[in-house]
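Thanks, everyone. I'll go through one model today, starting with its charged pairs and then moving to the packing.

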Amino acid sequence: MKAQSKTIGMAIGVVFIIAIFTGVVLSSRGQAISSEISGNSEGGAALSLANTEDTEIIINELASEIPETGFFALGPDNYHEYTKEELFDYYGIEFDISSVFPDMIEENTGSYGIFKFSDGSDMQGHNFIWANPIGNEKVSIEIIKDGAPKSDNTQVTNDSAPLASTISGENVNIFRFDSDEQSGYYAEFVHKSLGFTVYGYNFDKDDFVRILSYLISC
């Protein structure tokens, strides 16, 4: 009986030692992951917002001021008007920014439509605009179906190409802009075969990432 108790005691001791060793290894691995993310600042500032396997936020600095958004000058035959419900059905996605930020109110609700090429493909997606009437925050979300985001800031970063963030496993290029008139963040990414171009005017980085994370969850 004493021999059996001694054997059980030794087994418990071995398990306890293994548990301590495993905890040390996992702790070291967590520090290594955190260090790898916070140290990855070449071409952008890495933010330790969510050090998970499928999320890493990197903010790229623009070499110039925020780029101007260009619009096509097309005739009425190229414009296809929708209701909001029809437009969401067309894109296969639906979102409501006020569910994330209750103070945000949608603007330009009088017209929902898209300019298209003669073959029916998107030439310019619809631009959803939400604004906070009390503060200065405004978010612009433009979506193009079956295409890449309309704007491309690759050539206006300090490096030859921006460093991509990862949000919920999807690649997102995020840029910070700051000028005398306005500041905020810009992002471009593809989600559900839709090209997203998102501007967050007077947003801080955490709130802007919350918007991106919400859109990717839709």
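A residue is called buried here when its relative accessible area is under 20%, exposed when over 50%, and partly exposed in between. Lys84, at 22% relative accessibility, therefore counts as partly exposed. Keep in mind that this is a predicted model.

The overall picture first. The protein has three helices and twelve strands. Of its 218 residues, 38% are buried. Taking contacts between residues at least 6 apart in sequence, 59% join residues at least 24 apart.

Now the charged pairs. The structure holds four salt bridges, and I'll take three of them in turn.

Lys84 pairs with Glu106, with an N to O distance of 2.6 Å between the side chains. Lys84 is in helix α2 and Glu106 in strand β4, residues 105-106, so this salt bridge ties together parts 22 residues apart in sequence. Glu106 has 12% relative accessibility and so counts as buried.

Next, Lys138 and Glu107 form a salt bridge whose closest N and O atoms are 3.8 Å apart. This pair also links distant parts of the chain: Lys138 sits in strand β8, Glu107 in the loop between β4 and β5, and they are 31 residues apart. Lys138 is partly exposed, with a relative accessible area of 33%, and Glu107 is partly exposed with 33% as well.

The pair Asp207 and Arg210 is local. Both residues lie in helix α3, three residues apart, or about one turn of the helix. Their side chains meet in a salt bridge at 3.5 Å, N to O. Asp207 is partly exposed at 23% relative accessibility, and Arg210 is partly exposed at 41%.

What about a charged residue without a partner? Lys116, in strand β5, residues 112-116, is buried yet has no salt bridge. The nearest side chain of opposite charge is Asp122, 4.8 Å away. A salt bridge needs the nitrogen within 4 Å of a carboxyl oxygen, so that pair does not count. What the Lys116 side chain does make is a polar contact of 2.8 Å with the side chain of Tyr82. Beyond four places in sequence, the residues it touches include Asn78, His80, Tyr90 and Met123.

Tyr90 brings us back to helix α2, residues 84-91, where Leu87, Phe88, Tyr90 and Tyr91 are buried. Viewed down the helix axis, the buried residues of α2 fall within an arc of 155°, so they line one face. The face turned away from that side carries the exposed residues Glu85 and Asp89. What does the buried side pack against? The elements are β3, β5, β6, β7, β8 and β12. Just after the helix, Gly92 takes a positive phi of about 75°.

On to the cores. The largest nonpolar core has 38 residues, and those touching the most other members are Phe95, Ile97, Phe128, Ile141, Ile174 and Leu215. Helix α3 gives the most to this core, with seven residues. A second, separate core has six residues, among them Leu62, Phe177, Tyr186 and Tyr201.

Last, the backbone. Most residues other than glycine have a negative phi. Which residues depart from that? Lys192 has a positive phi of about 55°, and lies in the loop between β11 and β12. Asn202 has a positive phi near 60°, and is found in the loop between β12 and α3. Lys192 is partly exposed, with a relative accessible area of 47%, and Asn202 is partly exposed at 36%.

Methods:
Residues are numbered from 1 along each chain as its sequence is written. This is a predicted model: local features need pLDDT of at least 70, side-chain atom pairs count only at pLDDT 80 or more; totals for chains, interfaces and linings use all residues. Side-chain values use heavy atoms; hydrogens and water are left out. Helices (H or I, at least four residues) and strands (E, at least two) are DSSP runs, numbered from the N terminus. Buried means under 20% relative accessible area, exposed over 50%, partly exposed in between (1.4 Å probe, protein chains only). Lys and Arg count as positive and Asp and Glu as negative; His and the chain ends are not counted. A polar contact is a pair of N or O atoms within 3.5 Å; within protein, one must be able to donate a hydrogen and the other to accept it, and residues adjacent in sequence count only if both atoms are side-chain atoms. Contact means heavy atoms within 4.5 Å. The arc is that of the directions from the helix axis to the C-beta atoms. A nonpolar core is a set of buried Ala, Val, Leu, Ile, Met, Phe, Trp, Tyr and Cys residues joined through side-chain atoms within 4.5 Å.
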